[in-house]
Amino acid sequence: MKLHPKLKSEFINVPDRGFGKSKIYTSHGGNGPPLLLIHGNPMCQLTWHKILPDLIKNFYIVAVDIRGYGDSEGQKQVEKNILIILLELWVMTLNLLWKS
């Protein structure tokens, strides 16, 4: 589901690093320094829809649906090693910024 008309949406394929393969749904765009938005459990990136118009004015937003939630695909086994998952999300954020 599209988070905001000013954001580009796409899937990022994540290879199996011990958690199984996944496709992470991302929305990104805006102006300014990067701001990574990670929703809580059991939500999705639509959590941010009310504050997003203000955030887009001052930040380059990268919102993700974590694996198994929202429009992302993959097992919901985040409890195995949250640090690896957060590092994956940071790398995906950097890759999106380099593309822009």
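Contact means that heavy atoms lie within 4.5 Å. Keep that in mind as you work through these exercises. The structure is a predicted model, where local features need pLDDT of at least 70, side-chain atom pairs count only at pLDDT 80 or more, and totals for chains, interfaces and linings use all residues. Residues are numbered from 1 along each chain as its sequence is written, and side-chain values use heavy atoms, with hydrogens and water left out.

**Exercise 1. Describe the surroundings of Gln45.**

Step 1: Find the residue. Gln45 sits in the loop between β3 (34-38) and α1 (52-58); helices (H or I, at least four residues) and strands (E, at least two) are DSSP runs, numbered from the N terminus.

Step 2: Is Gln45 buried or exposed? Gln45 counts as buried because its relative accessibility is 1%. Buried means under 20% relative accessible area, exposed over 50%, and partly exposed in between (1.4 Å probe, protein chains only).

Step 3: List its contacts. Not counting residues up to four places away in sequence, Gln45 touches Leu3, Tyr25, Thr26, Ser27, His39, Ala63, Val64 and Asp65.

Step 4: Look for a polar partner. The side chains of Gln45 and Ser27 make a polar contact at 2.5 Å. Such a contact is a pair of N or O atoms within 3.5 Å; within protein, one must be able to donate a hydrogen and the other to accept it, and residues adjacent in sequence count only if both atoms are side-chain atoms.

**Exercise 2. Work out how the largest nonpolar core is built.**

Step 1: Recall the term. A nonpolar core is a set of buried Ala, Val, Leu, Ile, Met, Phe, Trp, Tyr and Cys residues joined through side-chain atoms within 4.5 Å. In soluble globular proteins, nonpolar side chains tend to be buried together.

Step 2: Pick out the best-connected members. The largest core has 13 residues, and Ile24, Val62, Val64, Leu89 and Met92 touch the most other members.

Step 3: Trace them to elements. At least two residues of this core come from each of β1 (8-14), β4 (60-65) and α2, and α2 gives the most, with four residues.

Step 4: Zoom in on Leu89. Leaving aside neighbours within four places in sequence, Leu89 is in contact with Leu36, Ile38, Val64 and Ile66.

Step 5: Check for a further core. Another core, of nine residues, lies apart from the largest one, and its members include Leu7, Leu52, Ile56 and Ala63.
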